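Here is a brief report on how one protein chain packs. Start with the interior, then move out to the overall form.

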Amino acid sequence: MSASETYTEATTGYWQELTPEVPLRFPATPPYRLGYPATLPCGRILVLPLRQLPDGDRAVASLIANQASHLVVAALADHMATQARAFDAEIIVGLPTLGLAFASQVAERLGQPRYVPLGYSRKFWYDDALSEPVSSITSPDAGKRLRLDPNLLPLLESRRVVLVDDAISTGATALAAVRLLQTIGVEIAGIVVAMKQTNRWHASTTALPVRAVFGCPLFQRGDGGWIPLAETQPNIP
């Protein structure tokens, strides 16, 4: 695999189906080229596109929930609800942006009539005291803050919650949510995500249990494609 080969392609066809086996055009074992087959707890396969990182030598598997089919989102939400149920929380808190694609569905499956969304946009009635700075490798904008609508405060005070997101990578968004919610006396039972993207988040979130449907390692450029780095493979759930 030369330095000029990215082994990436348009993602239009990804995240649209679950299959009983790895589709024939994708390798089932390393080296991986265009896609990485993730196995769900039900045994079905979801092929994720591999995205070369800016350094050119490494890649990650990608999940973009708001581009996924209803079938895929619903199946992931089923498994996420199973994980969330073990935390016995009173309400789900959804993390922006892509975590909101799952939060309402997880809450519905738990029999909860609503969920509480956090966001980045500041409405004119918001209180900056109900916000926390957040950054990540994909969204490094200075001044970005995670916010809670003050009108939703009574839904959360002194309650036990579970945070729901699409993925956890660096843990920056989850940590910002934890800081924000702890200032208002919320008990955070744990975090549930569809995907653990490598295990680099682990050092910063060990105080809270994090459960996922599947996990993906970091990939290193190698001969013929991308090679998973075993030491970066996260534990599941």
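In this predicted model, the largest nonpolar core holds 47 residues. L48, L76, F102, V162, V164 and F214 touch the most other members. Several elements each supply at least two residues of this core, among them the helices α1 (70-85) and α2 (100-109). Strands do so too, including β1 (35-39), β2 (45-52), β3 (58-61) and β8 (160-168). β9 (187-197) and β10 (210-216) also belong to that list. The biggest contribution comes from α1, with eight residues.

A second core is separate and has 30 residues. I191, W201, V210 and A212 are included in it.

V162 shows the packing at one site. Beyond its neighbours within four places in sequence, V162 is in contact with A84, F87, A89, I91, I92 and V93, and also with A189, G190 and V192.

Now the whole chain. The secondary structure comprises four helices and 12 strands. The radius of gyration is 18 Å, close to the 18 Å that the globule rule gives for 237 residues, so the protein is as compact as a globular protein of that length. Among contacts between residues at least 6 apart in sequence, 65% join residues at least 24 apart.

Overall values follow.

| Property | Value |
|---|---|
| C-alpha box along the principal axes | roughly 55 × 35 × 30 Å |
| Buried share of the 237 residues | 51% |
| Exposed area | about 10900 Å² |
| Carbon and sulfur share of the exposed area | 52% |

Charge comes last. The protein has 20 positive and 21 negative side chains. The centres of the two sets lie 2 Å apart.

Methods. Residues are numbered from 1 along each chain as its sequence is written. This is a predicted model: local features need pLDDT of at least 70, side-chain atom pairs count only at pLDDT 80 or more; totals for chains, interfaces and linings use all residues. Side-chain values use heavy atoms; hydrogens and water are left out. The radius of gyration is taken over C-alpha atoms; the globule rule is 2.2 Å times the number of residues to the power 0.38. Buried means under 20% relative accessible area, exposed over 50%, partly exposed in between (1.4 Å probe, protein chains only). Contact means heavy atoms within 4.5 Å. Accessible areas come from the Shrake-Rupley method with a 1.4 Å probe; for residues, only the protein chains shown count as cover. Lys and Arg count as positive and Asp and Glu as negative; His and the chain ends are not counted. The place of a charge is taken as NZ of Lys, CZ of Arg, CG of Asp or CD of Glu. A nonpolar core is a set of buried Ala, Val, Leu, Ile, Met, Phe, Trp, Tyr and Cys residues joined through side-chain atoms within 4.5 Å.
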